[in-house]
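Here's a quick walk through one model, feature by feature. Have the structure open alongside while you read.

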Amino acid sequence: MTKLTILAFDGTRFDLDVENGSTVMENAVRNSVPGIDAECGGACACATCHIYVDDAWTEAVGQPQPMEEDMLDFAFDVRPTSRLSCQIKMTPALDGLVVHVPERQA
């Protein structure tokens, strides 16, 4: 199991043990993290699972692919660390990953 921390906009902290190969979005939905709507179910067809990767993790997570970048155009308050949580698969290299949920989804 890999550790994932999701910080909701209201400050609630979700410390999760997750399976490798699962996405940040899947784990957020399974654990009822507020603010992750995931309307398209992880198909990278909306921007309702937008998150901010913690600064300490941006290099490890990497940059979004072109399709994800296009979808981020529809997200609210996009920042340099913005990603769609459906596009981040958990791996041992991401053990301890911290992400933040924005104030609202687009």
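Which residue lies over the face of tyrosine 52? That would be arginine 79, at 4.2 Å from the ring centre. Keep in mind that this is a predicted model.

## Rings and charges

Tyrosine 52 isn't on its own in having an arginine over its face: arginine 104 lies over the face of phenylalanine 76, and here the distance to the ring centre is 3.8 Å.

What about rings paired with each other? A pair of aromatic rings is described by the distance of the centres and the angle of the planes. In this model there is nothing to describe that way, as the count of aromatic pairs comes to zero.

## The sheet

Now for the strands. Five of them make up an open sheet with mixed pairing, in the order β2-β1-β5-β3-β4. At the edges you'll find β2 (13-18) and β4 (82-84); each has a single partner strand, so one side of each is left without a neighbour in the sheet. On average, neighbouring strands of this sheet are turned by 35° against each other, direction ignored.

Strand β5 (residues 97-100) runs parallel to strand β1 (residues 2-7), and four bridges join the two. With strand β3 (residues 50-53), β5 pairs in the antiparallel sense, over two bridges. Valine 99 in β5 is a handy residue to click on: isoleucine 6 stands opposite valine 99, and valine 99 is also the bridge partner of valine 53.

## Cysteines without bonds

How many disulfides does the count come to? Zero. Cysteine 46, for one, is in no disulfide, and the nearest cysteine sulfur, that of cysteine 40, is 3.6 Å away. For reference, a disulfide needs the two sulfur atoms within 2.5 Å.

Why is there no bond between cysteine 49 and cysteine 86? The sulfur of cysteine 86 is the closest cysteine sulfur to that of cysteine 49, but at 3.8 Å it is too far for a bond.

Are cysteine 46 and cysteine 49 buried or exposed? Cysteine 46 is buried, with a relative accessible area of 15%. Cysteine 49 is buried too, and its relative accessible area is 3%.

Key: Residues numbered from 1 in each chain as written. Predicted model: local features only at pLDDT ≥ 70, side-chain atom pairs only at ≥ 80, totals over all residues. Heavy atoms only, no water. Buried < 20%, exposed > 50% of the residue type's maximum accessible area, 1.4 Å probe, protein only. Pairing = 2+ DSSP bridges. Axes fitted to C-alpha atoms, helices over the stretch in contact; angles between N-to-C directions. Phe/Tyr/Trp six-rings, centres within 6.5 Å; stacked < 30°, edge-to-face > 60°. Lys NZ or Arg CZ within 6 Å of the ring centre and 35° of its normal.
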